[in-house]
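Let's take a walk through a small piece of protein architecture. Have the sequence and the 3D view open side by side while you read.

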Amino acid sequence: MRHLLEPGALVRHPGHPEWGLGQIQSVTGDRAAANFEHAGKQTLDLRRVELEFVESDV
């Protein structure tokens, strides 16, 4: 999954579905920054959470 995490990728956080859809802003080492619809920008430790990749319909 980590290889799919690049800027622009759409994701969901399995532990926080209320955050809505997120878009990856950056990935550095074990950290990713994503902007979520209902939670804003979040910095995530990829060692602790496996984000769910969402395929774009476009």
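What follows goes from the overall fold to the strand pairing and then to one loop residue.

Keep in mind as you look around that this is a predicted model. Start with the secondary structure: the protein chain has zero helices and five strands. Reading from the N terminus, you get β-β-β-β-β.

Now zoom out to the overall dimensions. Along the principal axes, the C-alpha atoms take up a box of roughly 25 × 25 × 15 Å. Is the chain spread out or compact? The radius of gyration is 10 Å, and because a compact globule of 58 residues would come out near 10 Å, the two agree. As for the inside, 29% of the 58 residues are buried. If you take contacts between residues at least 6 apart in sequence, 31% of them link residues at least 24 apart.

Then there's the surface. The protein chain exposes about 4,000 Å², with 45% of that coming from carbon and sulfur atoms. On the charge side, there are 6 positive and 9 negative charges, and their mean positions lie 10 Å apart.

On to the strands themselves. Strand β1 covers residues 10–12 and strand β2 covers residues 22–28; they run antiparallel and are joined by two bridges. To find this pairing in the view, look for Val-11, whose bridge partner in β2 is Gly-22.

What does β2 do next along the chain? It pairs with strand β3, residues 31–36, again in the antiparallel sense, this time over six bridges. One spot to check in this pairing is Ile-24, which stands opposite Ala-34 in β3. While you're tracing these strands, a handy reminder: in a regular strand, side chains alternate between the two faces of the sheet.

The connection between β2 and β3 deserves a look too. Together they make a hairpin, with two residues between the strands. Gly-29 sits in that turn and has a positive phi of about 60°.

Finally, move further down the chain to the loop between β4 (40–45) and β5 (52–54), where you'll find Arg-48. Is Arg-48 buried or exposed? Its relative accessibility is 75%, and since the cut-off for exposed is over 50%, Arg-48 counts as exposed. You can also relate this loop to β1: Arg-48 and Arg-12 are 36 residues apart along the chain, and their C-alpha atoms are separated by 14 Å.

Terms used
Residues are numbered from 1 along each chain as its sequence is written. This is a predicted model: local features need pLDDT of at least 70, side-chain atom pairs count only at pLDDT 80 or more; totals for chains, interfaces and linings use all residues. Side-chain values use heavy atoms; hydrogens and water are left out. Helices (H or I, at least four residues) and strands (E, at least two) are DSSP runs, numbered from the N terminus. The radius of gyration is taken over C-alpha atoms; the globule rule is 2.2 Å times the number of residues to the power 0.38. Buried means under 20% relative accessible area, exposed over 50%, partly exposed in between (1.4 Å probe, protein chains only). Contact means heavy atoms within 4.5 Å. Accessible areas come from the Shrake-Rupley method with a 1.4 Å probe; for residues, only the protein chains shown count as cover. Lys and Arg count as positive and Asp and Glu as negative; His and the chain ends are not counted. The place of a charge is taken as NZ of Lys, CZ of Arg, CG of Asp or CD of Glu. Two strands pair if DSSP finds at least two bridges between them.
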